[in-house]
Amino acid sequence: MTLADSPAAVIRPEGPWTHRDVAANGARFHITEMGEGPLVLLLHGFPQYWWAWRHQLPALADAGYRAVAMDLRGVGGSDRTPRGYDPANLALDVTGVIRSLGEPDAALVGHDLGGYLAWTAAVMRPKLIRRLVAVSMPHPRRWRAAMLADVRQTAASSHIWGFQRPWVPERQLVADEGALVGKLIREWAGPKLAGPTEDAAVEDAAVENYRRAMCVPSTAHCSVEPYRWLVRSLARPDGVQFYRRMKRPVRVPTLHLHGSLDPVARTRSAAGSGEYVEAPYRWRLFDGLGHWPHEEDPQAFTSELVHWLSDPEPDR
């Protein structure tokens, strides 16, 4: 294996950012950071790692923020623990990292699973969350209701149901050097990322990074464990208790960003999440984008994000 093919070269590439590890909630987490100012903590989704925020890190730093992208538990350069993949514990990972960074609070920006955890952290530890940005992810109670009652959302989440099988999903994710990861990213994207464009070579390089990162030992297993909990806990006491706890309203300004062509989290599923927010709430739909708006059109996404973060009084 050459240096270019090594996990370290993929997880900790050189750039304008700084890599380091921080301890939180009984584990070690890899973070990438840039800039100084109020903390903006970026949480990636499946099947990615911190690299998903490569466009936003420098832009946020230039805008006067301390931008930090962390690898979630079990992914990228963070610890792969044998347990602890329920959303309540993963949210404590996030708030623990905020404390370990020595910050009083953070604006949380979460995509996909990271968005689910951002919603959760805003309910569980509201004093540590200054603002909330959810990307391509409904509020957890909206997600649960859609998964159980909306046939189209159930079909759109077929990969989550498939993750309930033992061992098979892990083998599929790493087969052919992570080919399935590339397939999912292409299929879940809007036409710009999915089709041939001038940016195709750059996007292909990014997809290649995600494929390699998934093939780091134990990553595939840790990546699907949160989704196993989400389904298997629906009728269990711990799941019932979690969703009951998530009835508490979010009381921080919230920006909800979504691609109009998202085939994973349907627009209809996400659009009603504002009912759980008792604070200024802004819904922004990106026309023609899929599940990865921060990568499919990073300029438009980042502009929307920075403008909202800098707005002292975001309107409802």
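Helices (H or I, at least four residues) and strands (E, at least two) are DSSP runs, numbered from the N terminus. With that in hand, let's look at this protein. It is a predicted model, so local features need pLDDT of at least 70, side-chain atom pairs count only at pLDDT 80 or more, and totals for chains, interfaces and linings use all residues. Residues are numbered from 1 along each chain as its sequence is written, and side-chain values use heavy atoms, with hydrogens and water left out.

## The overall picture

Count up the secondary structure and you get 15 helices and 8 strands. The radius of gyration is 18 Å, close to the 20 Å that the globule rule gives for 316 residues, so the protein is as compact as a globular protein of that length. (That radius is taken over C-alpha atoms, and the globule rule is 2.2 Å times the number of residues to the power 0.38.) Along its principal axes, the C-alpha trace spans about 50 × 45 × 40 Å.

How much of the protein is buried? Of the 316 residues, 59% count as buried. Here buried means under 20% relative accessible area, exposed means over 50%, and partly exposed is in between, using a 1.4 Å probe and protein chains only.

Contacts tell you about the fold too. A contact means heavy atoms within 4.5 Å. Take the contacts with a separation of 6 or more: residues 24 or more positions apart account for 75% of them.

On the outside, the protein exposes about 12,900 Å², and carbon and sulfur atoms supply 53% of that. These areas come from the Shrake-Rupley method with a 1.4 Å probe; for residues, only the protein chains shown count as cover.

What about charge? There are 37 positive and 36 negative side chains, and the centres of the two sets lie 10 Å apart. Lys and Arg count as positive and Asp and Glu as negative, while His and the chain ends are not counted. Each charge is placed at NZ of Lys, CZ of Arg, CG of Asp or CD of Glu.

## Some backbone spots to find

Start with Asn 25, in the loop between β1 (18-24) and β2 (27-34). Its phi is near 50°, a positive value in a residue other than glycine. Glu 177, within helix α8 (residues 168-187), also isn't a glycine, yet has a positive phi of about 55°.

Now go to the loop between β3 (39-43) and α2 (56-62), where you'll find Pro 47. The peptide bond leading to Pro 47 from Phe 46 is cis, with omega near 0°.

## Leu 41 and its neighbours

Leu 41 sits in strand β3. Which residues does Leu 41 touch, not counting those up to four places away in sequence? They are Val 68, Met 70, Val 94, Ile 98, Ala 106, Ala 107, Leu 108 and Val 109. For a sense of scale, the C-alpha atoms of Leu 41 and Phe 163 are 28 Å from each other, with their positions 122 residues apart along the chain.

## Cysteines, and a table

A disulfide is a pair of cysteine sulfur atoms within 2.5 Å, and a search of the whole structure finds 0 of them. Cys 215 is in no disulfide, and its nearest cysteine sulfur, that of Cys 222, is 14 Å away.

Here is how five residues compare for accessibility:

| Residue | Relative accessible area | Class |
|---|---|---|
| Asn 25 | 33% | partly exposed |
| Leu 41 | 0% | buried |
| Glu 177 | 61% | exposed |
| Cys 215 | 32% | partly exposed |
| Cys 222 | 4% | buried |
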